[in-house]
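The following note sets out points for a colleague who has the coordinates at hand. It moves from the overall architecture to individual residues.

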Amino acid sequence: MSGRIAFDPVLHAPVRLQMCALLSAVDEAEYALIRAEVDVSESVLSKHARQLEEAGYLRIRKATLAARQRTWLSLTTQGRQAFAAHVRELSRLAGIAEAAE
């Protein structure tokens, strides 16, 4: 075992990890849907979305639809790759734990 842990500190926070998991299954999702699924306040989701965006992992798109401002979130290619690597590391560690049982 190398001892190297490939966790991405940007993705490791539970809210950001949940956001990425949801977004990894779709091209994009409306902000309100992600907020409801993750079950956090608008301000908490906004903070985490901003951190993912600053890391280059998240794209935020705003548009007016039916006279209302709507926001959609999507993972960038870099974000999808980082999330996949993070999940692989979690799976690797889970395998170690299962083997030890």
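1. Status and overall architecture. The coordinates come from a predicted model. The protein contains 5 helices and 3 strands, and its elements follow the order α-α-β-α-α-β-β-α from the N terminus. Along the principal axes, the C-alpha atoms occupy a box of roughly 55 × 25 × 20 Å. Of the 101 residues in the protein, 31% are buried. Among contacts with a separation of 6 or more, 55% join residues that lie 24 or more positions apart.

2. Packing of helix 2 against helix 4. Two packed helices are described by the angle between their axes and the distance between the axes. For helix 2 (residues 14–24) and helix 4 (residues 42–54), the angle is about 75° and the axes are 10 Å apart. Helix 2 is therefore roughly perpendicular to helix 4, since angles of 65 to 115 degrees fall in that class. By class, this contact of helix 2 with helix 4 comprises 6 nonpolar, 2 polar and 1 charged residues. On the helix 2 side the participants are Val15, Arg16, Met19 and Cys20; they meet Leu45, His48, Ala49, Gln51 and Leu52 of helix 4.

3. The turn between strands 2 and 3. Which residues in the loop between strand 2 and strand 3 deserve a look at their backbone angles? Ala66 is located in this loop, which links strand 2 (58–65) to strand 3 (68–75), and Ala66 has a positive phi of about 55° although it is not a glycine. Ala67 lies in the loop between strand 2 and strand 3 as well; its phi is also positive, at about 65°, and Ala67 is not a glycine either. Ala66 counts as exposed because its relative accessibility is 69%, above the 50% limit for that class. Ala67 is likewise exposed, with a relative accessible area of 76%.

4. Trp72 and its surroundings. Is Trp72, in strand 3, buried or exposed? Its relative accessibility is 14%, so Trp72 counts as buried, the limit being under 20%. Leaving aside neighbours within four places in sequence, Trp72 is in contact with Glu28, Ala29, Glu30, Tyr31, Arg59, Ile60, Arg61, Ala63 and Leu65. The C-alpha atoms of Trp72 and Asp27 are 10.0 Å apart in space, while the two residues are 45 residues apart in sequence.

5. Arg61 over the ring. What lies over the face of Trp72? Arg61 does, at 4.3 Å from the ring centre. Arg61 belongs to strand 2 and is partly exposed, with a relative accessible area of 36%. Not counting residues up to four places away in sequence, Arg61 touches Glu28, Arg70, Thr71 and Trp72. By contrast with these contacts, Arg61 and Ala6 are 30 Å apart, C-alpha to C-alpha, at a sequence separation of 55 residues. As for rings paired with rings, a search of the whole structure finds 0 aromatic pairs.

6. Ser74, further along strand 3. Ser74 also lies in strand 3. With a relative accessible area of 7%, Ser74 is buried. Beyond residues up to four places away in sequence, Ser74 touches Leu23, Asp27, Glu28, Tyr57, Leu58 and Arg59. Glu28 thus appears among the contacts of Ser74, of Arg61 and of Trp72.

7. Val26. Val26 is placed in the loop between helix 2 and strand 1 (29–30). Its relative accessibility is 32%, so Val26 counts as partly exposed. Val26 and Leu75 are 49 residues apart in sequence, and their C-alpha atoms are 8.9 Å apart in space.

8. Leu90 in helix 5. Which residues does Leu90 contact, leaving aside its neighbours within four places in sequence? They are Phe7 and Leu17. Leu90 is found in helix 5 (residues 77–100) and, at 32% relative accessibility, counts as partly exposed. A separation of 19 Å lies between the C-alpha atoms of Leu90 and Leu52, which are 38 residues apart along the chain. Leu52 is itself one of the helix 4 residues that meet helix 2.

Key. Residues are numbered from 1 along each chain as its sequence is written. This is a predicted model: local features need pLDDT of at least 70, side-chain atom pairs count only at pLDDT 80 or more; totals for chains, interfaces and linings use all residues. Side-chain values use heavy atoms; hydrogens and water are left out. Rings of Phe, Tyr and Trp (its six-membered ring) pair if their centres lie within 6.5 Å; planes under 30 degrees apart count as stacked, over 60 as edge-to-face and the rest as tilted. A charge sits over a ring if NZ of Lys or CZ of Arg is within 6 Å of the ring centre and within 35 degrees of the ring normal. Helices (H or I, at least four residues) and strands (E, at least two) are DSSP runs, numbered from the N terminus. Buried means under 20% relative accessible area, exposed over 50%, partly exposed in between (1.4 Å probe, protein chains only). Axes are lines fitted to C-alpha atoms, for helices over the stretch in contact, and angles run from 0 to 180 degrees between N-to-C directions. Angles under 35 degrees count as roughly parallel, over 145 as roughly antiparallel, 65 to 115 as roughly perpendicular and the rest as oblique. Contact means heavy atoms within 4.5 Å. Ala, Val, Leu, Ile, Met, Phe, Trp, Tyr, Cys and Pro count as nonpolar, Asp, Glu, Lys and Arg as charged, and the others, Gly among them, as polar.
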